[in-house]
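Biologist: Could you walk me through reading salt bridges in a model like this one?
Modeller: Sure, let's pull it up.

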Amino acid sequence: MSVAAKLKGLMDRHRLTPRPLSAAIDQAPDVKSVSHALISGMLNGSKPNPTTETLLSLSEVLKAPPAYLLPHESYDDLDALTGFEDPAARRVVRLLAGLPTAEVENVIADLQRRRDDLGLSPITFAEDTSMQSKPAKRRSVDEAAQYAADALEG
């Protein structure tokens, strides 16, 4: 997904247009101002490379992890990125590193059973639909866990 598509989705979720979003950013403490013209340019693709400060300001007001606004398929899953902001979730990812694939699958099955037992709604996985159109990049469990930890911790 493009930055424009992600930004549009977040703005739709909060029912904001460029001017009110810019105004909300201006009112937020400790964030850099973002003009409505820049936001409009990001939405229409004429400003495809916003600065890090701009992305941080937008993500703060739109209540999304900053990584979500990066233009890469690894950062398209908003729910996963939101969950990964929790230090305990990052700890789980680190603990999975090095486990054989069968063990990782056992942990996943265990977690799904626990969610069912607690009456939590089922989780859908973005990769379930996106992987149908193209083959997955293969990483070992260690590589995937390290990549996720490194990419989102900075």
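**Reading the salt bridges**

Biologist: How many salt bridges does a search of the whole structure find?
Modeller: Keep in mind that this is a predicted model. The general idea is to look for a side-chain nitrogen of Lys or Arg within 4 Å of a carboxyl oxygen of Asp or Glu. Searching the whole structure that way turns up three salt bridges.

Biologist: Which side chain does Lys-6 meet in a salt bridge?
Modeller: That of Asp-76, with 2.9 Å from N to O. This pair ties together distant parts of the chain: Lys-6 sits in helix α1, Asp-76 in the loop between α4 and α5, and they are 70 residues apart.

Biologist: Is Lys-6 buried or exposed?
Modeller: Buried means under 20% relative accessible area. Lys-6 is at 0%, so it counts as buried. Its partner Asp-76 has 22%, which makes it partly exposed.

Biologist: And where do Lys-8 and Asp-12 lie?
Modeller: Both are in helix α1, four residues apart, or about one turn of the helix. Their closest N and O atoms are 3.0 Å apart in the salt bridge. Lys-8 is partly exposed at 45%, and Asp-12 is partly exposed at 44%.

Biologist: What about Asp-110 and Arg-113, how many residues apart are they?
Modeller: Three, within helix α7 (residues 101-117), so about one helical turn separates them. Their side chains form a salt bridge at 2.8 Å, N to O. Asp-110 is partly exposed, with 33% relative accessible area, and Arg-113 is partly exposed with 46%.

Definitions and conventions. Residues are numbered from 1 along each chain as its sequence is written. This is a predicted model: local features need pLDDT of at least 70, side-chain atom pairs count only at pLDDT 80 or more; totals for chains, interfaces and linings use all residues. Side-chain values use heavy atoms; hydrogens and water are left out. Helices (H or I, at least four residues) and strands (E, at least two) are DSSP runs, numbered from the N terminus. Buried means under 20% relative accessible area, exposed over 50%, partly exposed in between (1.4 Å probe, protein chains only).
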